[in-house]
Amino acid sequence: MKPEAVIIGAGFGSLSCAVTLAAKGWKVTVLERQPRPGGKLQRITQQGYTFDRGPSTITMPHVFRSLYELAGETMEDYVQLYELEPRTRNVFADGTVVDFSKNAGFMQEQIAAYSPADAARYPEFMSEAAALYRLSEQQFLGRLLLSWKDKLSPALMRGLVRVRPFLSLHSLLGRYFSHPHTLAMLGRYATYVGSSPFQSPAIFAMLAHLRARKGSMEFTAERISWWRGWFPWLRSWAFRW
Ligand SMILES: Cc1cc2nc3c(=O)[nH]c(=O)nc-3n(C[C@H](O)[C@H](O)[C@H](O)COP(=O)(O)OP(=O)(O)OC[C@H]3O[C@@H](n4cnc5c(N)ncnc54)[C@H](O)[C@@H]3O)c2cc1C
C-alpha cells in the first residue's frame, strides 16, 4: 500500500512538498482554506487595476528546476524565467541611486560615488557572503536534521559556529561598511522574511551572494502561471480545498 500524506496549505512550500512526496510514490492530499492554491502568490484585480501580492524574484532558480526534474518534467515547458540585470534599484532620499548588479566592478563604482571606503571593502564582504552561502548549502539547506545524531554532528556544530550565530546582520555589515546607504541597502535582505537587520542573524548576508552570483530571476509577465504550472500534476493526485 502507498504511504499517505495530508498537507495543510497550498503555498509554494506545501506544493513543493506535495510534488516531492508524490514523485516518490506517496498518495498526497493537499488541503487549502482559500478558494485558490498559491498561498501568497496571488494576483488581485480591482477597478481595472491588477496587483501582484507576493513573490516576484526567484533567488534560487535551481531549486525549482530540480523539483520539476524530480517529477520527470521540464520547468521550461511550464514557466519561463528571465534574468534581471540590474537586479534592483535603490533610490535614497538624497538622490543617490545604486543599481544592484552582478558586476562587482560596477557595484564598487556606484558605492565609491558616495563612499570610497565602503567601495574598497565590497569585494571582501562579497567573499564572506559567498562563504556563508557555501556553509549553509553544505550544512543547513536541504537537510532535515530529524535525528539527534544529525543535530549533534561535529560538522554541523562547526558550521553553526562559523555562521556567527550571535552576530546580527547589521553588526556583520558594520564590520565592513560605515555609510548609512550601504548599511540600508545590504541590510534590506532581512526584510525578505519580514525581519529587521538588527534582529536577524548574520547569515542573511548570504543573500547578497545569491542575488549577485546565483541569479536573480523574474517571473514572466503571467506570474500566476507558476501555480498553473503545478496544477496539471497535482490534479492527477488527490488534491482538494
Ligand atoms: C509582499 C511579499 C513579497 C515577497 N517576495 C518574494 C520574492 O520576491 N521572492 C521570494 O522568494 N519570496 C518572496 N516572498 C516570500 C514568499 O512569498 C514566501 O516565502 C512563500 O510564498 C511562502 O510560501 P509558503 O508555502 O511557505 O506559505 P504561503 O504562501 O503563505 O502559503 C500557506 C498556505 O497555507 C494555507 N493555510 C494556512 N493555514 C491553513 C489551514 N489551517 N488550513 C488550510 N490551509 C491553510 C494558506 O491559506 C496559504 O494558502 C514575498 C512575500 C511577500 C508577502
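## Close-up views of a predicted protein model

**Figure 1. Helices α3 and α4 lie roughly antiparallel to each other.** This is a predicted model, and here we zoom in on one of its helix pairs. Two packed helices are described by the angle between their axes and the distance between those axes. For helix α3 (residues 104-112) and α4, the axes cross at roughly 150 degrees, and an angle over 145 degrees counts as roughly antiparallel. That is why this pair gets the label "roughly antiparallel". The two axes come within 7 Å, and α3 passes α4 in a right-handed crossing. On the α3 side, look for Ala104, Met107, Gln108, Ile111 and Ala112. They meet Pro116, Asp118, Ala119, Tyr122, Pro123 and Met126 in α4. Sorted by class, this contact has nine nonpolar residues, one polar and one charged.

**Figure 2. Helix α4 also pairs up with helix α6.** Here, α4 (residues 116-139) and α6 (residues 154-162) have axes that come within 10 Å and cross at roughly 155 degrees. So α4 is roughly antiparallel to α6. This time the crossing is left-handed. Which residues of α4 meet α6? They are Leu135, Gln138 and Gln139, and across from them sit Ala155, Leu156, Gly159 and Arg162 in α6. The mix in this contact is three nonpolar, three polar and one charged.

**Figure 3. Helix α6 lies largely in the open.** How many of the nine residues of α6 are buried? The number is zero, so the helix lies largely in the open. Just after α6 comes arginine 164, with a positive phi near 55 degrees.

**Figure 4. Proline 165 sits in the loop between α6 and α7.** Once you've found α6, follow the chain into the loop that leads to α7 (169-174), and you'll meet proline 165 there. Is proline 165 buried or exposed? Proline 165 is exposed, because only 10 other C-beta atoms lie within 10 Å and a count of 12 or fewer puts a residue in that class. Set aside its neighbours within four places in sequence, and proline 165 is in contact with Leu160 and Pro201. Serine 200 is worth finding too: it is 35 residues from proline 165 in sequence, yet the two are 9.8 Å apart in space, C-alpha to C-alpha.

**Figure 5. Glutamine 47 has a positive phi in the loop between β3 and β4.** Find β3 (43-46) and β4 (49-52), and glutamine 47 is in the loop between them. Its phi is near 45 degrees, a positive value in a residue other than glycine. Glutamine 47 counts as exposed, because it has 4 other C-beta atoms within 10 Å.

**Figure 6. A shell of 19 residues surrounds the ligand.** Which residues of the shell come nearest to the ligand? They are Gly9, Gly11, Gly13, Gly39 and Pro55. Helix α1 (residues 12-23) supplies the largest share of the shell, three residues. By class, the shell divides into six nonpolar, 10 polar and three charged residues.

**Figure 7. The protein as a whole has 10 helices and 10 strands.** Now let's step back from the close-ups. Of the 241 residues in the protein, 20% are buried. As for contacts between residues at least 6 apart in sequence, 59% join residues at least 24 apart.

Note on methods
Residues numbered from 1 in each chain as written. Predicted model: local features only at pLDDT ≥ 70, side-chain atom pairs only at ≥ 80, totals over all residues. Helix = DSSP H or I, 4+ residues; strand = E, 2+ residues; numbered from the N terminus. Contact = placed C-beta atoms within 7 Å. Axes fitted to C-alpha atoms, helices over the stretch in contact; angles between N-to-C directions. Parallel < 35°, antiparallel > 145°, perpendicular 65-115°, else oblique. Left-handed = near helix turned anticlockwise from the far one by under 90°. Nonpolar A, V, L, I, M, F, W, Y, C, P; charged D, E, K, R; others polar. Near = placed C-beta within 6 Å.
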